[in-house]
Amino acid sequence: VGHDGVYLPLAVAPEYEPLKATLLEFIDHPRLDFGGCSVTLPHKENLVRLAQQMVLDGDDRWTIDALSAHCGAANTLAVTRDSMGEAVRIDVRNTDAAAAAALLDGVEQRSAAILGTGGTARALASALAAHGWTVKIVSRDLARAARFVEELALPGVSAADAVALADEDLGALVNCTPVGMRGGPAPDGLPIDKSVLRNLPPSCVVADVVYNPLRTPLLTEAEDQGRTTISGLAMFTAQAAEQFRLWTGKAAPERLFERVAREALESRA
């Protein structure tokens with residue numbers, strides 16, 4: 001797209017201080033022209049913590065979107081510079097949840113069940129609630145789901161037992177756990193029992209944030225039942241496209257993103 005830049009991987013030690021030291025050095029380096037970065041586990045919470053600290057310290061260049069602030073996790077940093085190369089605006093954003101919510105926007109019945117109580121579930125629940133969805137949080141430990149809902153404190157978000165989902169008029173079910181992920185704790189497992197999935201409304205869309213493998217056990221089972229599915233790769237590509245727009249000001253070549261990611265995943269299979 002004619003943007004003069006490179007996108008490179010960088011390992012940062014998992015604690016808060018290494019992330020803080022790295023980003024502040026990069027942002028204010030006189031010649032680096034650092035434009036931003038993707039931030040992944042375990043630093044999504046640390047990025048929000050850093051932004052909040054900088055705001056409290058009086059650095060008015062920093063901004064945090066409402067979604068990141070509420071869920072306490074962000075995956076994107078975008079730095080705007082003036083003609084002299086000085087950083088004049090530093091935006092912290094969560095494109096993960098925004099992308100997932102956008103992919104679900106076409107679902108007619110705006111009621112979703114989210115499997116899991118981690119950072120991804122928190123972000124997605126916040127994004128959907130902000131768009132007027134009713135959200136059920138499902139965990140193998142119902143007490144944990146209840147605590148999660150209490151901490152989130154959002155209207156329309158409540159805890160639910162998986163079996164009780166059959167009585168809900170759900171428009172979507174989204175897996176936000178690592179179950180089914182290659183190399184994860186249960187690569188061949190399902191995050192919800194087959195019988196529960198089978199009893200959901202026929203129109204219920206099934207989505208999985210896991211993108212390795214491309215067809216997770218959950219998506220395979222849902223497709224075998226004739227359900228519409230949304231893959232983790234679609235979510236991954238959508239959030240990357242929004243990051244690209246924030247960094248470059250231009251629309252991302254999403255088909256290229258999807259093809260490159262798919263080829264990379266297939267080569268590892």
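# Exercises on a predicted model

In this predicted model, 5 bridges join β5 to β6, and these two strands run parallel. Let us start from that pair and work outwards.

## Exercise 1: The sheet

Find the order of the strands in the open sheet, and name its edge strands.

*Solution.*

Step 1. Begin with the β5 and β6 pair. One residue to look for is L115, whose bridge partner in β6 is V138.

Step 2. Now extend to both sides. The open sheet has 6 strands in the order β7-β6-β5-β8-β9-β10, and the pairing is parallel.

Step 3. Look at the two ends of that order. β7 (157-160) and β10 (229-230) each pair on one side only, which makes them the edge strands.

## Exercise 2: The cores

Work out which elements build the largest nonpolar core, and which of them gives the most.

*Solution.*

Step 1. Pick out the residues that touch the most other members. In this core of 32 residues they are L104, I114, L128, W133, V135 and I137.

Step 2. List the elements that supply two or more residues. The helices are α3 (66-71), α4 (95-103), α5 (119-130) and α6 (142-152), and the strands are β5 (111-115), β6 (134-138), β8 (172-175) and β9 (205-208).

Step 3. Compare their shares. With 7 residues, α5 gives the most to this core.

Step 4. Zoom in on L104. Leaving aside residues up to four places away in sequence, L104 touches L128, W133, A172, V174 and I230.

Step 5. Look elsewhere for another core. There is a second, separate one of 19 residues, and L23, L50, V79 and V92 are among them.

## Exercise 3: A helix across the sheet

Decide where the buried residues of α8 sit around its axis, and find what covers them.

*Solution.*

Step 1. Place the helix. α8 (residues 217-224) lies across β8, β9 and β10, and runs at about 165° to β9.

Step 2. Mark the buried residues in α8: L218, L219, E221 and A222.

Step 3. Check how they are spread. These residues cover an arc of only 165° around the axis, so they are on the same side of α8.

Step 4. Ask what lies over them. The cover includes strands β8, β9 and β10, together with helix α7 (194-198).

Step 5. Follow the chain onwards. Just after α8, G226 takes a positive phi of about 85°. G226 is in the loop between α8 and β10. Its relative accessible area is 61%, over the 50% cut-off, so G226 is exposed.

Step 6. Try a distance across the chain. P202 is 24 residues from G226 along the chain, and their C-alpha atoms are separated by 8.1 Å.

## Exercise 4: Aromatic pairs

The model has 4 aromatic pairs. Classify the geometry of the pairs F26 with F34 and F244 with F257.

*Solution.*

Step 1. Take F26 and F34. Their rings are 5.3 Å apart, centre to centre, with 75° between the planes, and the pair is edge-to-face.

Step 2. Check exposure in this pair. F26 is partly exposed at 27% relative accessibility, whereas F34 is buried, with a relative accessible area of 10%.

Step 3. Turn to F244 and F257. The ring centres are 5.7 Å apart and the planes stand at 80°, so this pair is edge-to-face too.

Step 4. Locate the two rings. F244 belongs to helix α9 (residues 232-248) and F257 to helix α10 (residues 254-268), so the pair ties together parts that are 13 residues apart in sequence.

Step 5. Check exposure once more. F244 counts as buried at 17% relative accessibility, while F257 counts as partly exposed at 23%.

## Exercise 5: Special backbone spots

Find where P42 and P213 lie, and the peptide bonds that lead to them. Then do the same for D33 and A153, looking at phi.

*Solution.*

Step 1. Look at P42, in the loop between β1 (36-38) and α2 (44-56). A cis peptide bond joins L41 to P42, with omega about 5°.

Step 2. Move to P213, in the loop between β9 and α8. The bond from N212 to P213 is cis, and omega is near 15°.

Step 3. Examine D33, a residue other than glycine with a positive phi, near 55°. D33 is in the loop between α1 (16-28) and β1, and is exposed, with a relative accessible area of 56%.

Step 4. Finish with A153, where phi is positive and near 50°. A153 is in the loop between α6 and β7, and is exposed at 55% relative accessible area.

Note on methods. Residues numbered from 1 in each chain as written. Predicted model: local features only at pLDDT ≥ 70, side-chain atom pairs only at ≥ 80, totals over all residues. Heavy atoms only, no water. Core = buried A, V, L, I, M, F, W, Y, C linked by side-chain atoms within 4.5 Å. Buried < 20%, exposed > 50% of the residue type's maximum accessible area, 1.4 Å probe, protein only. Helix = DSSP H or I, 4+ residues; strand = E, 2+ residues; numbered from the N terminus. Contact = heavy atoms within 4.5 Å. Pairing = 2+ DSSP bridges. Axes fitted to C-alpha atoms, helices over the stretch in contact; angles between N-to-C directions. Arc of directions from axis to C-beta. Phe/Tyr/Trp six-rings, centres within 6.5 Å; stacked < 30°, edge-to-face > 60°.
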